[in-house]
Amino acid sequence: MPLNIDIQQILLHLFNFAILLAGLYFLLYKPVKKFMDKREEYYSQMDAAAKENLSQAEEIKASYAAQMAGADEEIREKKLQAAAKTEEQTSRQIEAARQEADRILTEAHDNADLERQKMVSSARQEIVDMAAELAGKMIRQSLEMAEESESDEG
């Protein structure tokens, strides 16, 4: 044997190495590979769930944006309706106030006419009373003058 190499020893070491590799393969590689595959599957499921959640979030965001746009339009419509309703109520109140003012003015004119008629009637009565009193005084003066002239004559 040249160089003191024993082929039998080399083959035995190769055989031992092959048994060691086979043992390690079955004992370590398969379980580690299985664990790595499960872990990869778990992370791929998490990634798929995250993508699905992201797509749902985008859909929800889009629907909220559409709702907000619809809400803005609805708010505008409600404001216009409220303004129209307020305008209508204001015009009704103004009209009611005008009617009330007209009624009050009519009543005031009627009351003023009644007061004027009462005053005229009262003034006429006072004039009549004063005229009667004056006439009575004149008649008494005339009678007194007539009596004095009779007493001076007689």
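**Nonpolar patch**

Six residues form a nonpolar patch on the surface of this predicted model: F17, L20, L21, L24, L27 and L28. Together they offer about 600 Å² of accessible area. L20, one of the six, sits in helix α1. Its relative accessibility is 48%, so L20 counts as partly exposed. The cut-off matters here, because exposed requires over 50%.

**Helix α1**

Helix α1 covers residues 7-153, which is 147 residues. From first C-alpha to last, α1 reaches 205 Å. That is close to the 219 Å expected at 1.5 Å a residue. Where does α1 bend, and by about how much? The bend is at Y25 and amounts to about 40°.

**Salt bridges**

How many salt bridges does the structure hold? There are seven. Side chains of opposite charge can pair when their charged atoms come close. Three of the pairs are tabulated below, with the N to O distance for each.

| Pair | N to O distance | Separation in α1 |
|---|---|---|
| D37 and K33 | 3.9 Å | four residues |
| R76 and E73 | 2.7 Å | three residues |
| R92 and E88 | 2.6 Å | four residues |

Take D37 and K33. Both lie in helix α1, about one turn of the helix apart. A salt bridge is counted within 4 Å, and this pair comes in at 3.9 Å. D37 has 38% relative accessibility, so it counts as partly exposed. K33, at 39%, is also partly exposed.

R76 and E73 come next. Their side chains meet in a salt bridge at 2.7 Å, N to O. The two are three residues apart in helix α1, so about one helical turn separates them. Are these side chains buried or exposed? Neither label applies: R76 is partly exposed at 47% relative accessibility, and E73 is partly exposed with a relative accessible area of 38%.

R92 bridges to E88, with the closest N and O atoms 2.6 Å apart. Because R92 and E88 stand four residues apart in helix α1, their separation is about one helical turn. E88 has a relative accessible area of 43%, so it is partly exposed. Elsewhere, salt bridges that share partners join three residues into one network: E100, R103 and E107.

Methods:
Residues are numbered from 1 along each chain as its sequence is written. This is a predicted model: local features need pLDDT of at least 70, side-chain atom pairs count only at pLDDT 80 or more; totals for chains, interfaces and linings use all residues. Side-chain values use heavy atoms; hydrogens and water are left out. The expected span of a helix is 1.5 Å times one less than its number of residues. The bend at a residue is the angle between axes fitted to the seven residues ending there and the seven starting there. Buried means under 20% relative accessible area, exposed over 50%, partly exposed in between (1.4 Å probe, protein chains only). Patches are made of residues with over 30% relative accessible area and no salt bridge: like charges are joined within 9 Å, nonpolar side chains (Val, Leu, Ile, Met, Phe, Trp, Tyr) within 5 Å. Accessible areas come from the Shrake-Rupley method with a 1.4 Å probe; for residues, only the protein chains shown count as cover.
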